[in-house]
There are 2 protein chains.
Amino acid sequence: MTDLESLKKQAALKALEHVQSNMLVGLGTGSTAKYFIAGLGEKLAKGDLKNISAIATSKASEDQAIGLGIPMVELEGQSIDLAIDGMDEVDPHLNAIKGLGGALTREKMVESCARFFILIGDETKTVQNIGEKAPIPVEVVQFAWKATQKKLEALDTRPVLRLKDGKPFVTDNGNFILDCHIRPPREVFSLAQTLSATPGVVEHGLFLDMAQIAYIATQTDILVMTKDS
Amino acid sequence: MTDLESLKKQAALKALEHVQSNMLVGLGTGSTAKYFIAGLGEKLAKGDLKNISAIATSKASEDQAIGLGIPMVELEGQSIDLAIDGMDEVDPHLNAIKGLGGALTREKMVESCARFFILIGDETKTVQNIGEKAPIPVEVVQFAWKATQKKLEALDTRPVLRLKDGKPFVTDNGNFILDCHIRPPREVFSLAQTLSATPGVVEHGLFLDMAQIAYIATQTDILVMTKDS
């Protein structure tokens, strides 16, 4: 395990300390989240945690959790006690970009139902201003996606159709993704609102004002970021 | 032809007067729009209009237009000179509800690209306050639609899953529709913004501040409503 992997695992285990017996937990997706899911399965197997149920944000996380014997339920509008997930970027106010994995809509649906949401990741994901390193993934309906692209250009973003093996990447919901590069600093709350209201847009990867805490693996330590720190 | 049908046709023909040669026209869907499309085809055939191209909001309208020899193009972000469509409800400010036909996302995508947008319909569709007669159709992703339904309930709407032949109705984009009944009067602009920002929502049927004019067939006449009248 590289140092970075080891630190990502430590960040995930920090998040795991928030889980208590009888909780409904939202499981994120990606390289850091998988350490969380593994740790959760271990604690359940050992009996350190009891009566946990979970909701996954992707097929991959669901499969991993089922393999570990974590009882899974469907998202039907329950309040989720705790959700954890990685991110592509996080700023000092815990505003984040997510969705480079392509599951932004499902992730936002699950995590917006959580009473407590924890971001986990490594220091390569921290930025001063949203958009410094990563584009904002925007999920759009396939119909007339070029018209939507033009609308996103008019918002002063550079929207690039995401490809996979030379063909447009298709989300779980059957849509395309336009990765929208911006020039920070931008007023991201108003950008988020405008993106949501743009016809053709299904969801966007700005996760603003959603997380309460972030555990960030650095070269030497686990950095704890809280909303008001 | 019943009196109402005859009046709907008259409203459609009023809208047709706005069409000039060389225009790109957005074609709506439904019982009034079909009179417009028929009239447009006739004027083209007669040579009263030349060099028209059109973009359809549904397969049905596209098929009708192609059958009449109207040249069709794809929506790729062009500016549309004129769009016409029916509505399910329209208030005195020309704010409308659309989507009871199920094509709200495509309709909003086309009509939001139009420089001039005309609503056509009959007087059974006029209301003082949006939501008086019709629910607001909200297109949602299939995944965890019950969670989205709960979020829409929290906005003080009564969201009912649209069925067809006993099964959930599926839109052209592969999504479900929740018909959201409201108790008017509501502040519809802020409701529209909140609906757009709700995770799981693809599009909603509030078409606010989009139309410039409406031709409404009454029992006796064609009522002309303009934005500032």
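The following exchange concerns the contact between two domains of chain A in a predicted model.

Me: Which conventions apply here?
Reply: The model is predicted, with local features needing pLDDT of at least 70 and side-chain atom pairs counting only at pLDDT 80 or more, while totals for chains, interfaces and linings use all residues. Residues are numbered from 1 along each chain as its sequence is written, chains are lettered from A and ligands numbered from 1 in the order in which they are written, and side-chain values use heavy atoms, leaving out hydrogens and water.

Me: How is chain A divided?
Reply: Domain 1 covers 3–126 + 208–226 and domain 2 covers 136–202; the bounds come from an automatic or database domain assignment. Their centres, taken over C-alpha atoms, are 25 Å apart.

Me: How many residues does each domain bring to the contact?
Reply: Domain 1 of chain A supplies 12 residues and domain 2 of chain A supplies 13, contact meaning heavy atoms within 4.5 Å.

Me: And what area is buried between them?
Reply: About 930 Å², with carbon and sulfur atoms giving 63%. Buried area is the accessible area (1.4 Å probe) that two parts lose on being put together, summed over both.

Me: Which residues of domain 1 lose the most area?
Reply: Leu104(A), Thr105(A) and Leu208(A), together 43% of what that side buries.

Me: Changing topic, which residues form a salt bridge?
Reply: Arg106(A) pairs with Asp172(A), the closest N and O atoms being 3.9 Å apart. The criterion is a side-chain nitrogen of Lys or Arg within 4 Å of a carboxyl oxygen of Asp or Glu. The rule finds one salt bridge across this interface.
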